[in-house]
Every structure is written in C-alpha cells, then in structure tokens.
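User: I have a model open and would like to understand the reasoning behind its labels. Could you walk me through them?

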Amino acid sequence: MSTELPTRISVDNKTEKTTITARVVNKGDAESPDLRLLVVGFDALEVTAVEGCDPIPEGKLPDGSNSGFSCAVGKLAAGKSRNYTVSATYDLQGKGKICLPVMLGDTGTLLWQQGPVPFGTGKPTPNAPDTPLLLGTDNVPFGPDTSASAGPSAPGTLPDTGPPGRTAVLLLGGGLLLAAGGAGLWLTRRGPAPRH
C-alpha cells in the first residue's frame, strides 16, 4: 500500500482555504484487505472535510493534531487507487503538516503512513490572489525578516522516510502512528507501544 499527495497546492490569501487530493494506491500484485485511510492535519493546516469520510472525534485524534477524518476505503484491486478530495484551511502565518495513515480495516493496525509532512513556501506572495505551497517544505510567513528567505532546494521532492527508531510516536485510539516523513513507511512488524 502507498499514499500520494500533490507536490503543490494553492491557498487563497483571503479565505486561507485550499483543496488537496489524497490518493491511496495498491502497488502490490494482489487485492488488498479492507482498508481505512486517515487524513490528519497539524499546526497551521486544519482539515475541514474529506469527501465521503467521517470526522475523527476530538478525543481520538493523534497527539499534536488539530483535525482528522476517517475514510472506509474497502478492498483495492492490484494496481488500483482511490482519490479523496480534502478541504482544508492553512494559516499562512504558521507552518502546517498533513498525515495519511492507512489502517487495516477497523483493527487499529497501521499498514502505511505518509507524514506528517509539511506544506510550505520560502517565497510568500502576499499581494497575489493565492499562495502556492510545496510539499515537503516548511512555510516561511511573509514579513520584513522573511521576505528574502530562500525557497526549497529541490521543489517537488519529498523528505526521506526516517527509520522507526528515530521517529516520533503518536497515539490514535490504541493504534500507533509513526511520524515518518513524506515518503511514507511500510510496517511489517509492530512492537509494543512505548509508555509515556
């Protein structure tokens, strides 16, 4: 299993609204089991709706997140994908991240996770109708001290996936979410949840 996000989104400078397409893909050679996609927002990026999906109750959101939706994907045939239209707001004065975990049905078992990965820009456009944000880039809000900030070194590239031993652990209703960067993480083994 894998997930995909656009490399670029645009945020309306007046409303701070944006639309993101999240995709879950079966890159294997056999039909998948029942799947559930989560779409979770962090910091300046708040997910307000995902077409065909249900909001995650506030008490079950991952630590540090501000919003999330749960999507019953069902089974995916080999080579097939399913798209979800994500509505979100982005506070352009902050830094926002999005996370796409894929769970095994309603079991709480994590199969794959992309993110939390940032969307942002080093070259804000305050007088334009919208601001383009690139995946894998921290946002640099426009201001006297930031207007000359450098942009991303490689637009469109995703951050590397970190090894599980160096990733942050988030709790979601008993299931583990490993914060593993924008390229995602395939879990073949699950150990016991660390105690906090």
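Analyst: Happy to. A residue counts as buried under 20% relative accessible area, as exposed over 50%, and as partly exposed in between. Arg 23, with a relative accessible area of 30%, is therefore partly exposed. Please keep in mind that this is a predicted model.

User: What makes the contact of Arg 23 with Glu 4 a salt bridge?

Analyst: The label needs a side-chain nitrogen of Lys or Arg within 4 Å of a carboxyl oxygen of Asp or Glu. For Glu 4 and Arg 23 the N to O distance is 3.1 Å, so the pair qualifies. Glu 4 belongs to strand β1 and Arg 23 to strand β3, and the two are 19 residues apart, so this pair links distant parts of the chain. Glu 4 is also partly exposed, because its relative accessibility is 30%.

User: How many salt bridges does a search of the whole structure find?

Analyst: The search finds 2 salt bridges. Besides the pair just described, the side chains of Asp 106 and Arg 36 meet at 2.8 Å, N to O. Here, too, distant parts of the chain are linked: Asp 106 sits in the loop between β9 and β10, Arg 36 in strand β4, and they are 70 residues apart.

User: Why is Asp 106 called exposed?

Analyst: Its relative accessible area is 68%, and the label asks for over 50%, so Asp 106 is exposed.

User: How do you know that Cys 53 and Cys 71 are joined by a disulfide?

Analyst: The test is whether two cysteine sulfur atoms lie within 2.5 Å. In Cys 53 and Cys 71 they are 2.1 Å apart, so the pair passes. By this rule the count comes to 1 disulfide. Cys 53 is in the loop between β5 and β6 while Cys 71 is in strand β7, so the bond ties together parts that are 18 residues apart in sequence.

User: What makes that disulfide right-handed?

Analyst: The torsion about the S-S bond is about 110°, so the disulfide of Cys 53 and Cys 71 is right-handed.

User: And why are Cys 53 and Cys 71 called buried?

Analyst: Cys 53 has 11% relative accessibility, which is under 20%, so Cys 53 is buried. Cys 71, with a relative accessible area of 0%, is therefore buried as well.

User: Where does Cys 99 belong?

Analyst: The largest nonpolar core has 33 residues, and those with the most contacts inside it are Val 50 and Phe 119. Apart from that core lies another, of 8 residues, with Phe 42, Cys 99, Met 103 and Leu 110 among them. Membership requires a buried residue, and Cys 99 has a relative accessible area of 0%, so Cys 99 meets that requirement.

User: Which strands form the open sheet, and what makes some of them edge strands?

Analyst: The order is β1-β3-β8-β5, with antiparallel pairing. β1 and β5 each have a single partner strand, so one side of each is left without a neighbour in the sheet. On average, neighbouring strands of this sheet are turned by 35° against each other, direction ignored.

User: How do you know that β3 and β8 pair?

Analyst: Pairing needs at least two bridges. β3 and β8 have 9 bridges in the antiparallel sense, so they pair. Val 24 stands opposite Arg 82 in β8.

User: Which strands pair with β11?

Analyst: β2 and β11 pair over 5 bridges in the antiparallel sense, and Arg 8 stands opposite Leu 134 in β11. β10 and β11 have 2 bridges, also antiparallel, so they just satisfy the requirement of at least two. In that pairing Gly 120 stands opposite Leu 134.

User: What makes Glu 16 and Asp 43 worth a remark?

Analyst: Most residues other than glycine have a negative phi. Glu 16 has a positive phi of about 60°, and Asp 43 has a positive phi of about 55°. Glu 16 lies in the loop between β2 and β3, whereas Asp 43 is in strand β4. With a relative accessible area of 27%, Glu 16 falls between the two cut-offs and is therefore partly exposed.

How values were computed: Residues numbered from 1 in each chain as written. Predicted model: local features only at pLDDT ≥ 70, side-chain atom pairs only at ≥ 80, totals over all residues. Heavy atoms only, no water. Helix = DSSP H or I, 4+ residues; strand = E, 2+ residues; numbered from the N terminus. Buried < 20%, exposed > 50% of the residue type's maximum accessible area, 1.4 Å probe, protein only. Axes fitted to C-alpha atoms, helices over the stretch in contact; angles between N-to-C directions. Core = buried A, V, L, I, M, F, W, Y, C linked by side-chain atoms within 4.5 Å.
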